[in-house]
Amino acid sequence: MRVVVTGAHGKVGRAAVKALAEAGHEVTGVDLTRPIWERHEPGEPAYKQAELTDAGQAYAVVQGADAVVHAAAIPDPTANAPHVVFQNNLMATFNVLEAAVRLGVPRFVNISSETVPGYFFADRPFLPDYAPVDEEHPARPQDPYALSKHFGEQLMDAAVRRCDIRCISLRPSWVQHEGNYERNIGPQVRDASLIGAGLWSYTDVYDLADAIVLAVESDLPGHEVFYIAAPDNAGGHDFAAKLREHYGDRIELRPISRPDSSGISCDKAHRLLGWTPKRSWRDYLDEDGRTRQR
């Protein structure tokens, strides 16, 4: 398939481009970074520079695609003005999806976010209703990033109502790779009292890339939303014990499949997408949260 990947030079996009190319797809990466005006390396995917908040540029890069993976976004609400985050993320998603609908692209993979329920960057903090969190958890976003991702999923709902496009939204947990495991996950391995809004959850970027390949190749109808997270938690802690220790009975504990469970359930992705993660923080870090010597 001819697959367009937006945000191709970001953390998620780079891994997605590589995985899709290795799976035999003809990939074109799209991002804001300027192209390199040199001879391409053998097998190197094509690349186009585009500002996707401009509808014309979105149409230009989507033309001729069999599938679109939309990973382009400002990745959190903390480093840009709120209106910039919201306008960039929502309008880029709208433009790329609108182009896909109008040009008859049959498959659209939307990289959404674990923040959609709203408790990550909330001005008025609140806790999830239950854990592990799944796709049925209510969405109550307050911040511009989570709100843009929530609206992006609603755009997918609207698209499948008006045409035959098939959409999948993936909600990755905190994405890690070999370059940031020690910095991000290492402290939680060493000290279980360090917790974030994600309840110790994370995902490996290469497992996420595998999920993106499955989503591109899927024939699931309509629009489906899937959480993507590692099955274990950062640090390998006893999840039930830590949840009670830090939150008492304020978060309902639902059944878990392993003692060191993630704070996010990916049962739906396993069941409908056929996704099985293969990597853990343990592949990168030792028991002290330091990078393993290879």
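Me: What makes the crossing of α2 and α3 right-handed?
Reply: Handedness is read by looking along the line from one helix to the other: the crossing is left-handed if the near helix is turned anticlockwise from the far one by less than a right angle, and right-handed if clockwise. The crossing of α2 and α3 falls in the right-handed class. Please keep in mind that this is a predicted model, in which local features need pLDDT of at least 70, side-chain atom pairs count only at pLDDT 80 or more, and totals for chains, interfaces and linings use all residues. Residues are numbered from 1 along each chain as its sequence is written, and side-chain values use heavy atoms, leaving out hydrogens and water.

Me: Why are α2 and α3 called oblique to each other?
Reply: Angles under 35 degrees count as roughly parallel, over 145 as roughly antiparallel, 65 to 115 as roughly perpendicular, and the rest as oblique. Helix α3 covers residues 82–102 and packs against α2 at about 50 degrees, with the axes 8 Å apart. That angle belongs to none of the named ranges, so the pair is oblique. The axes are lines fitted to C-alpha atoms, for helices over the stretch in contact, and angles run from 0 to 180 degrees between N-to-C directions.

Me: How do you know which residues make the contact between α2 and α3?
Reply: Contact means heavy atoms within 4.5 Å. On the α2 side, A55, A58, Y59 and V62 take part, and on the α3 side N95, V96, E98, A99, A100 and R102. Helix α2 (residues 55–62) also lies across β1, β2, β3 and β4, running at about 170 degrees to β3.

Me: What makes α1 and α7 an oblique pair too?
Reply: Their packing angle is about 55 degrees, with axes 8 Å apart, and this makes α1 oblique to α7. The crossing is right-handed. Residues K11, V12, A15, A16, A19 and L20 of α1 meet V205, Y206, L208, A209, I212, V213 and V216 of α7.

Me: How do you know that β4 and β5 are paired?
Reply: Two strands pair if DSSP finds at least two bridges between them. Strands β4 (residues 67–70) and β5 (residues 107–111) have four bridges in the parallel sense, so they pass the test. V69 stands opposite V109 in β5. The names themselves come from DSSP runs numbered from the N terminus: helices are H or I with at least four residues, strands E with at least two.

Me: Where does β7 pair in the sheet?
Reply: Strand β7 pairs with β5 over five parallel bridges, R107 being matched with R166 of β7. Six bridges join β7 to β10, again parallel, with S169 opposite V225 in β10. The whole open sheet has seven strands in the order β3-β2-β1-β4-β5-β7-β10.

Me: Why are β3 and β10 said to stand at the edges?
Reply: Each has a single partner strand, so one side of each is left without a neighbour in the sheet. Neighbouring strands are turned by 20 degrees against each other on average, direction ignored.

Me: How do you know whether T203 is buried or exposed?
Reply: Buried means under 20% relative accessible area, exposed over 50%, and partly exposed in between, with a 1.4 Å probe and protein chains only. T203 has 1% and is therefore buried. T203 sits in strand β9 (residues 203–204) and touches, among others, P172, W174 and I228. W174 is 29 residues away in sequence, yet the C-alpha atoms are 5.8 Å apart.

Me: What about P132, buried or exposed?
Reply: P132 comes to 9%, under the cut-off, so it is buried too. P132 is in the loop between β6 and α4, and its contacts include R254, P255 and I264.

Me: What makes a group of residues a nonpolar core?
Reply: A core is a set of buried Ala, Val, Leu, Ile, Met, Phe, Trp, Tyr and Cys residues joined through side-chain atoms within 4.5 Å. The largest one here has 39 residues, and V5, L20, V69, L170, I212 and V216 touch the most other members. Its largest share, eight residues, comes from α7. A second, separate core of 22 residues includes V101, V105, A159 and C167.

Methods
Lists of a residue's contacts leave out its neighbours within four places in sequence.
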